[in-house]
Amino acid sequence: DLRIDNLVVAKGDLVEAGDTLVVLDSRNQEAEYNSMQAQVAVSKAELSQSAVTLADAKRELDRYGRLRKSGYATQQEYDTRSTTYQAAVAANAKAAAQVKQAQANLDAQAVLLSEYQLKAPIKGVILDDYDLTLGALVKDATNVLRIGRVDRLKARVDIPERDMGRLRLGMDAVLTFESLSGQTFYGTVTLIDPYINTSTRTIGAEITVDNQATGFKLRPGMFARVLLVETSEENPLVIPTEALRADGSVMVIRDGKAAIQKVVTGAATGGMVTVSDGLQIGEDVVVSGGNNVAEGTEVDFVITAE
């Protein structure tokens, strides 16, 4: 078990990736780190001493080499210095290896010590601190904090299999929330599942919303009503849906007479349908009863006061 030494953040705090959140009691690990740090220093001192011994042995070997060639030293004396030199080489190599081992142990302990400071893996907000307090004991599997990224939120939707062909990445989405009545938010389809849920015969998709742009009005867990926008038009010409005749045409009034006009329609919503071709702004269209009016029938306009 580990004891909480410091709680740096609380529920609702915004944090950046890498921020320290919780500090655990690491006195034993710090003591071990200091001990290993001292061992590195000792190993480096021993390496320096062995380097001096090696240098002395090399000079002595060279000197006896010259004396042997001049006849002032025996082969045995030279061999003795050679053996001393080889031992110094081995001792220096061993000291260098001990420095590397001591440094590796220190680095490993530093990594272990760093794990006693829990840091934020992402930028987000503290969603839950599980009511932990200073001095509380935690185990390896204990939940300490829950962090959520709230600058961009995702809404999961399930689309009926029959409509999956109309779903595409990048589609605009309009979202409304019961708790934020009268307000509209916008998102984009950023993920479409690569499989069909065989239990519900639906395909899942994710809508991503820029919550930062909303002023962080949205909260994780909110229930959303999502409208996916298949097509969009800027300043479209619209007519009531009931103005369409059975064959898709409309009845217009031109020069006081009824005339059938073929039209090309687009998106429809709220009882209105867009017209991309066939009508001009300002034309008079028969809204109700167009199927019962014969082409060429004279029409009089009657304005009634209410």
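Which residue takes a positive phi near 60° in the hairpin of strand 16 and strand 17? Select G270: this residue takes that phi, in a hairpin with two residues between the strands. Strands (E, at least two residues) and helices (H or I, at least four) are DSSP runs, numbered from the N terminus.

The model is predicted: local features need pLDDT of at least 70, side-chain atom pairs count only at pLDDT 80 or more, and totals for chains, interfaces and linings use all residues. Residues are numbered from 1 along each chain as its sequence is written, and side-chain values use heavy atoms, with hydrogens and water left out.

**The hairpin**

Extend the selection to residues 264-269, strand 16, and residues 272-277, strand 17. The two pair in the antiparallel sense over four bridges; pairing requires that DSSP find at least two bridges between the strands. Within this hairpin, A268 stands opposite V273 in strand 17.

**Helix 1 and helix 2**

Next, select residues 27-70, which form helix 1, and locate D56 and R59, three residues apart, about one turn of the helix. These two form a salt bridge, with the closest N and O atoms 2.0 Å apart; the term denotes a side-chain nitrogen of Lys or Arg within 4 Å of a carboxyl oxygen of Asp or Glu. D56 has 38% relative accessibility and counts as partly exposed, whereas R59, at 52%, counts as exposed. Here buried means under 20% relative accessible area, exposed over 50%, and partly exposed in between (1.4 Å probe, protein chains only).

Move to E60 and R81, whose side chains meet in a salt bridge (3.7 Å, N to O). R81 belongs to helix 2 (residues 75-114) and E60 to helix 1, so this pair ties together parts that are 21 residues apart in sequence. R81 is partly exposed at 23% relative accessible area, and E60 is partly exposed at 26%.

Keep R81 displayed and add Y64, which also lies in helix 1. Y64 is buried, with a relative accessible area of 12%. The side chains of Y64 and R81 are joined by a polar contact of 3.0 Å, a polar contact being a pair of N or O atoms within 3.5 Å; within protein, one must be able to donate a hydrogen and the other to accept it, and residues adjacent in sequence count only if both atoms are side-chain atoms. Leaving aside residues up to four places away in sequence, Y64 touches A73, E77, Y78 and R81, where contact means heavy atoms within 4.5 Å. For a sense of scale, the C-alpha atoms of Y64 and S114 are 54 Å apart, with these positions 50 residues apart in sequence numbering.

**Strands 8 to 11**

Select E161 and R201, whose side chains form a salt bridge at 3.0 Å, N to O. E161 is in the loop between strand 8 (152-160) and strand 9 (172-177), and R201 is in the loop between strand 10 (185-192) and strand 11 (202-210), 40 residues apart. A network of salt bridges also links K154, R156, D193 and E206. The whole structure contains 14 salt bridges.

**The nonpolar cores**

Finally, display L167, L175, F177, F185, I207 and L218, which touch the most other members of the largest nonpolar core, a set of 19 residues. Strands 8, 9, 10 and 11 each supply at least two residues of this core. A nonpolar core comprises buried Ala, Val, Leu, Ile, Met, Phe, Trp, Tyr and Cys residues joined through side-chain atoms within 4.5 Å. Another core, of 13 residues, lies apart from it and includes V15, Y116, I126 and V138.
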